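Please walk me through this structure, starting with how its helices and strands are arranged and ending with its charged pairs.

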Amino acid sequence: TDAGGVALYSYAEFDSVDNEDCYRLMDMCDRNGNRDGAALRFVAEHLCTRPELQKLLILISDGQQPITADLRGIKKEYEKRDVILFAAAIGDDKENIRRIYKDGFLDITKLEELPKNMAQLVKQHLK
């Protein structure tokens, strides 16, 4: 966010997977302020239009988001629409993420465990 509003960046899309995705993903970086709610809502709406029966949305956040009630509301809203939302916590504000996402909290303090934990999370929700 900045004086101009909210900017959302897409690094890889559902239907346009290519050999360059990994490079675009590696190019991700922090940019000014947080608007987790706006980003979550945008991605969840996009996900709701998908034909797949199971929808899993994983947010990686530093927890620097002061509007916790808004984020909890968004989580509940999209769970009613069959979107399973998890938030993976990085940084020092893990407890804030745990408070917001409750059962959807994933601690990724040890980044070397991220691939294994993500695979387990996806497997747990495959039906």
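What follows takes the helix contacts, then the strands, then the salt bridges.

The model is predicted. Helix α2 covers residues 36–48 and helix α3 covers residues 68–79; their axes lie 10 Å apart, at an angle of about 5°. Angles under 35 degrees count as roughly parallel, so α2 is roughly parallel to α3. On the α2 side the contact is made by Asp36, Gly37, Leu40, Arg41, Ala44, Glu45 and Cys48. On the α3 side the residues are Asp70, Leu71, Ile74, Glu77 and Tyr78. Sorted by class, this contact of α2 with α3 contains six nonpolar residues, one polar residue and five charged residues.

Helix α3 also meets α4, and here the axes come within 8 Å and cross at roughly 45°. That angle makes α3 oblique to α4. From α3, the residues involved are Thr68, Leu71, Arg72 and Lys75. They meet Asn96, Arg99, Ile100 and Tyr101 in α4. The contact of α3 with α4 divides into three nonpolar, two polar and three charged residues. Leu71 of α3 appears in the contact with α2 and also in the one with α4.

The strands come next. Strand β1, residues 55–61, pairs with strand β2, residues 83–89, in the parallel sense, over seven bridges. Within this pairing, leucine 56 of β1 stands opposite isoleucine 84 in β2. Which residues of β1 make up its covered face, and which its uncovered one? The covered face consists of Lys55, Leu57, Leu59 and Ser61, while Leu56, Ile58 and Ile60 form the uncovered face. Leucine 56, the residue opposite isoleucine 84, therefore belongs to the uncovered face of β1.The remaining topic is charge. Side chains of opposite charge can pair when their charged atoms come close. The structure holds nine salt bridges.

One of them joins arginine 24 to aspartate 18, with the closest N and O atoms 3.1 Å apart. Are these two side chains buried or exposed? Arginine 24 has a relative accessible area of 30% and is partly exposed. Aspartate 18 also counts as partly exposed, at 35% relative accessibility.

Another salt bridge is formed by the side chains of arginine 81 and glutamate 45, at 2.6 Å from N to O. Arginine 81 sits in the loop between α3 and β2, whereas glutamate 45 is in helix α2, so this pair ties together parts that are 36 residues apart in sequence. Glu45 is also one of the α2 residues in the contact with α3. The relative accessible area of arginine 81 is 38%, which makes this residue partly exposed. Glutamate 45, at 34% relative accessibility, counts as partly exposed too.

A third example is set within one helix. Arginine 98 and glutamate 95 meet through their side chains in a salt bridge of 3.3 Å, N to O. Both lie in helix α4, residues 94–101, and are three residues apart, about one turn of the helix. Arginine 98 counts as partly exposed at 38% relative accessibility, and glutamate 95 is partly exposed with a relative accessible area of 45%. Elsewhere, Asp15, Arg50 and Glu52 are joined into one network by salt bridges that share partners.

Key
Residues are numbered from 1 along each chain as its sequence is written. This is a predicted model: local features need pLDDT of at least 70, side-chain atom pairs count only at pLDDT 80 or more; totals for chains, interfaces and linings use all residues. Side-chain values use heavy atoms; hydrogens and water are left out. Axes are lines fitted to C-alpha atoms, for helices over the stretch in contact, and angles run from 0 to 180 degrees between N-to-C directions. Helices (H or I, at least four residues) and strands (E, at least two) are DSSP runs, numbered from the N terminus. Angles under 35 degrees count as roughly parallel, over 145 as roughly antiparallel, 65 to 115 as roughly perpendicular and the rest as oblique. Contact means heavy atoms within 4.5 Å. Ala, Val, Leu, Ile, Met, Phe, Trp, Tyr, Cys and Pro count as nonpolar, Asp, Glu, Lys and Arg as charged, and the others, Gly among them, as polar. Buried means under 20% relative accessible area, exposed over 50%, partly exposed in between (1.4 Å probe, protein chains only). Two strands pair if DSSP finds at least two bridges between them. A salt bridge is a side-chain nitrogen of Lys or Arg within 4 Å of a carboxyl oxygen of Asp or Glu.
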